[in-house]
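Reader: I would like a close look at one part of this model, the place where two helices meet. Please take that contact slowly, and then set it within the rest of the chain.

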Amino acid sequence: MKAVAIRTFGRPEGLEVIEVPVPAPAAGEVLIATEAIGVGGVDAVIRRGTLSGYGFEEGHVLGSEVAGTVTAVGDGVDPSWTGRRVWAFTGRGGGYVEQATVPVEEILPLPEDLSAADATTLGSSGAVAHFALSHAHFTAGESVLVRGAAGSIGIMVVQLAARGGASAVAVTTSSAERGDRLRTLGATHVLDRSGGRDEDAPEGYDVIIDIVAGADMPSFFDRLNPNGRMVAVGVIGGPPPADFGTKLMAAFQKSMSFATFSADTVPGPDLRAVRIEQFAAASRGELPLVVHEVLPLDQAVLAHRKMDDGEVFGRIVLTP
């Protein structure tokens with residue numbers, strides 16, 4: 001079967017389509033014929049080599065979430081899963097494939113009217129957005145700034161903050177067109193990438209959810225209100241400066257805080273409950289999902305090039 005692996009870290013052209021054997025599900029696993037494969041920002045970060053210190057090596061198959069049909073089950077798995085449409089979390093990789101093996105505890109049945117592409121747009125990003133706001137102790141009436149809001153996680157944070165009663169939901173993005181689209185999803189103020197240009201926007205925010213990080217991250221501490229909280233959920237712009245914490249210490253009397261958030265720290269049952277709820281909301285049309293484009297699996301290089309060029313609004317989905 002086809003898979004997409006990292007031949008060399010760096011540019012998208014370092015990805016290659018390879019042939020690998022069709023896997024057999026081990027005990028406690030299912031085999032899924034993939035219909036949709038989510039292309040996430042973390043995939044691009046891994047591909048660039050930014051996370052090589054976490055054990056990623058050349059030859060790694062990218063992809064953390066897929067949707068499709070269960071075609072076989074391993075020992076100890078209820079055979080009634082066979083033939084069912086599911087969403088699945090493949091973990092640190094292994095999703096850019098035609099058929100994927102996944103532990104049964106990492107799959108969820110899909111509502112009949114939720115497409116595979118929509119499922120891979122929501123499955124991971126929706127949960128990250130939900131628990132990032134929780135990690136920031138966000139409550140109704142507080143103001144929220146979403147830094148890097150045009151990706152699937154940012155879009156979900158915007159919607160969930162608006163639905164949660166935020167007094168303002170500001171976003172940073174690269175164009176007026178993207179800003180207009182984010183307004184339809186719940187944004188109330190649109191800022192440029194540096195956080196400027198909207199004269200009506202609040203001067204400070206109670207919560208900042210940062211998906212970008214990078215060299216400019218410390219400047220956004222200046223946008224936090226007293227007792228404000230910034231939570232970093234991604235590093236698509238690269239790691240922040242090593243001394244970024246000095247900004248917080250310089251503003252000691254404002255009692256601001258900074259935290260990172262990874263869904264790896266959320267108990268499985270809690271993740272499952274939120275995903276089930278969000279899938280149901282999306283199937284009812286209550287949670288709009290944004291699929292930027294659907295491309296064949298063998299065009300993964302093009303998908304990553306579009307991400308690197310900043311063309312993507314929402315999520316790119318690959319299909320076998």
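Author: In this predicted model, the part to begin with is the meeting of helix H1, residues 41-48, with helix H7, residues 300-308, whose axes come within 10 Å and cross at roughly 95°. Since angles of 65 to 115 degrees count as roughly perpendicular, H1 and H7 are therefore roughly perpendicular to each other. On the H1 side the contact is made by Asp43, Ala44, Arg47 and Arg48, and on the H7 side by His304, Met307 and Asp308. Sorted by class, this contact of H1 with H7 has four charged residues, two nonpolar ones and one polar one.

From the helices one can turn to the strands, beginning with strand S3, which covers residues 29-39 and is joined by seven bridges to strand S4, residues 65-73, the two running antiparallel. Within that pairing, Ile32 stands opposite Val70 of S4. S4 also pairs with strand S5, residues 85-89, again in the antiparallel sense and over five bridges, and here Val66 has Ala88 in S5 as its bridge partner.

Another part of the chain holds an open sheet of six strands, which follow the order S10-S9-S8-S11-S12-S13 and pair in parallel. Its edge strands are S10, at 189-191, and S13, at 257-260, each of which pairs on one side only. On average, and with direction ignored, neighbouring strands of this sheet are turned by 20° against each other. Inside the order, strand S8, residues 143-147, and strand S11, residues 205-210, pair in the parallel sense over four bridges, with Val207 in S11 as the bridge partner of Val144.

These elements belong to a chain whose secondary structure comes to seven helices and 15 strands. Along its principal axes the C-alpha trace spans about 60 × 40 × 35 Å. Because a compact globule of 320 residues would have a radius of gyration near 20 Å, the value of 20 Å for the chain agrees with that expectation. Buried residues make up 52% of the 320 residues. As for how contacts are distributed along the sequence, among those between residues at least 6 apart, 70% join residues at least 24 apart.

Note on methods
Residues are numbered from 1 along each chain as its sequence is written. This is a predicted model: local features need pLDDT of at least 70, side-chain atom pairs count only at pLDDT 80 or more; totals for chains, interfaces and linings use all residues. Side-chain values use heavy atoms; hydrogens and water are left out. Axes are lines fitted to C-alpha atoms, for helices over the stretch in contact, and angles run from 0 to 180 degrees between N-to-C directions. Angles under 35 degrees count as roughly parallel, over 145 as roughly antiparallel, 65 to 115 as roughly perpendicular and the rest as oblique. Contact means heavy atoms within 4.5 Å. Ala, Val, Leu, Ile, Met, Phe, Trp, Tyr, Cys and Pro count as nonpolar, Asp, Glu, Lys and Arg as charged, and the others, Gly among them, as polar. Two strands pair if DSSP finds at least two bridges between them. The radius of gyration is taken over C-alpha atoms; the globule rule is 2.2 Å times the number of residues to the power 0.38. Buried means under 20% relative accessible area, exposed over 50%, partly exposed in between (1.4 Å probe, protein chains only).
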